[in-house]
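Me: I've got a structure open and would like to learn how to read it piece by piece. Can you walk me through it?

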Amino acid sequence: MLLIRCPYCEEERPELEFRNAGEAHVVRSSEMTATSDEDFEAFFFIRSNPKGIIYERWRHIHGCARFFNAVRDTVTDRFVMTYKAGEKKPARLPKVGK
Amino acid sequence: MARAPVKKQAVVKTDGAERRPALAGQEASATGVSVTVLPPAERISLRGSEASRAALSKALGLTLPQTPKTSAAKGKRAALWLGPDEWLVIDEAGKDPLADCAKVSALHSAVGISHRNVAVAVAGPAAEATLNAGCPQDLSLAVFPVGACSRTVLGKAEIVLLRTAQDAFRVECWRSFSDYVFTFLQEAMRDAAA
């Protein structure tokens with residue numbers, strides 16, 4: 001079982017308490033009516049789906065119930081780091097040990 | 001919310017009516033562990049920001065904890081940290097914490113959930129092993145000391161777990177899950193029995 005660090009509980013918890021909530025840092029336009037169909041499609045449907053590092057929203061649904069952001073490697077399924085919702089995308093990622 | 005006017009409700013006549021709480025009084029035990037359904041208690045789900053915490057603490061008569069996974073208790077009343085702005089307040093003496101919160105003018109949300117939850121006590125040297133049959137958290141004393149509490153899962157149901165003593169836990173679950181939780185704990189108890 002994966003252990004995921006919740007930035008609000010300040011502790012690693014079993015993955016059963018968590019739920020994935022899609023890609024993080026998807027910004028909604030403040031001028032929604034002026035958005036073209038193509039831009040709206042890109043915002044609403046198109047996700048990066050990378051092979052490697054992905055930034056995701058997760059929710060500690062059976063714990064503190066808070067949303068937070070996590071950096072995960074889609075190849076190894078390893079969580080690189082987690083940080084609170086609303087915080088900026090980390091400029092540099094910590095080195096992951098084997 | 002806090003600012004809503006509090007209306008005096010007419011007392012519901014209970015003459016001749018009998019309240020039957022879910023699983024009332026059921027218990028089971030094996031070598032080294034017992035599982036007991038606890039009597040009804042007053043409970044509220046309390047939410048409020050850091051700015052309201054002091055006023056709410058004063059009204060409730062205990063300090064609402066700030067640290068994750070901790071609880072505060074005074075007499076028969078306990079406040080369990082569930083999230084950064086969320087607590088579960090349990091009063092076993094029958095004094096309604098909802099009435100205490102109604103006097104607070106600081107912004108908060110207090111919802112009475114006395115009848116939503118059913119509590120089960122798991123006690124004995126094998127209590128830890130019994131709960132770990134369905135709860136994935138590390139429940140060793142070093143990581144989950146006396147007074148530690150957490151919302152977590154037991155099998156397929158969500159529970160709130162509170163360690164009341166070195167070898168005793170209080171499991172709070174939703175009423176509709178109580179049958180499942182109690183049966184699950186009974187099965188786990190048999191496996192964990194020393």
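Reply: Sure. Keep in mind that this is a predicted model. Let's start with a helix: look for which residues point inward. In α1 of chain B, residues 50–60, the buried ones are B:S52, B:L56 and B:L60.

Me: Why do the buried residues of α1(B) line one face of the helix?

Reply: Look down the helix axis. The buried residues of α1(B) fall within an arc of 65°, so they line one face.

Me: Which exposed residues sit on the face of α1(B) turned away from the buried side?

Reply: That face carries B:A51 and B:A54, both exposed.

Me: And what do the buried residues of α1(B) pack against?

Reply: Four elements of chain B: the strands β3 (42–47), β5 (77–83) and β6 (86–91), plus the helix α2 (97–102). While you're there, check what comes after the helix: α1(B) is followed by B:G61, which has a positive phi near 85°.

Me: Now for sheets. In what order do the strands of the open sheet in chain B run?

Reply: With a sheet, read off the strand order, then the pairing sense. Here five strands go β4-β5-β6-β3-β7 in chain B, and the pairing is antiparallel.

Me: Which strands stand at the edges?

Reply: In chain B those are β4 (71–74) and β7. Each has a single partner strand, so one side of each is left without a neighbour in the sheet. From one strand to the next, the twist averages 20°.

Me: How many bridges join β4(B) and β5(B)?

Reply: Four, in the antiparallel sense. To follow one of them on screen, go to B:S71, whose bridge partner in β5(B) is B:L80.

Me: What about loops? Where is B:V104 found?

Reply: B:V104 is in the loop between α2 and β7 (109–112) of chain B. For a loop residue, count its neighbours.

Me: Why is B:V104 classed as partly exposed?

Reply: The cut-off for buried is 20 or more other C-beta atoms within 10 Å. B:V104 has 19, so it counts as partly exposed. Also try looking for residues brought together from distant points in the sequence: B:V104 and B:K58 are 46 residues apart along the chain, yet their C-alpha atoms are separated by 9.1 Å.

Me: Let's zoom out to domains. Which residues belong to each domain of chain B?

Reply: The domain assignment puts 26–40 and 116–194 in domain 1, and 42–113 in domain 2. Taken over C-alpha atoms, the centres of these two domains of chain B are 23 Å apart. Their contact takes nine residues from domain 1 and nine residues from domain 2.

Me: Which strands supply the domain 1 side of that contact in chain B?

Reply: β9 (149–154) and β10 (157–165) of chain B each supply at least two residues. β9(B) gives the most, with three. By class, the domain 1 side has four nonpolar, three polar and two charged residues.

Me: Last one: chain A. What elements does chain A have, and in what order?

Reply: Chain A has one helix and six strands, running β-β-β-α-β-β-β from the N terminus on. Its C-alpha trace spans about 45 × 30 × 25 Å along the principal axes, and buried residues make up 15% of its 98 residues.

Me: How many residues of chain A are in contact with chain B?

Reply: 14, and they meet 12 residues of chain B. On the chain A side you'll find seven nonpolar, two polar and five charged residues.

Key: Residues are numbered from 1 along each chain as its sequence is written. Chains are lettered from A and ligands numbered from 1 in the order in which they are written. This is a predicted model: local features need pLDDT of at least 70, side-chain atom pairs count only at pLDDT 80 or more; totals for chains, interfaces and linings use all residues. A residue is buried if 20 or more other C-beta atoms lie within 10 Å of its own, exposed if 12 or fewer, and partly exposed in between; C-beta atoms are placed from the backbone. The arc is that of the directions from the helix axis to the C-beta atoms. Two residues are in contact if their C-beta atoms, placed from the backbone, lie within 7 Å. Ala, Val, Leu, Ile, Met, Phe, Trp, Tyr, Cys and Pro count as nonpolar, Asp, Glu, Lys and Arg as charged, and the others, Gly among them, as polar. Two strands pair if DSSP finds at least two bridges between them. Axes are lines fitted to C-alpha atoms, for helices over the stretch in contact, and angles run from 0 to 180 degrees between N-to-C directions. Domain bounds come from an automatic or database domain assignment.
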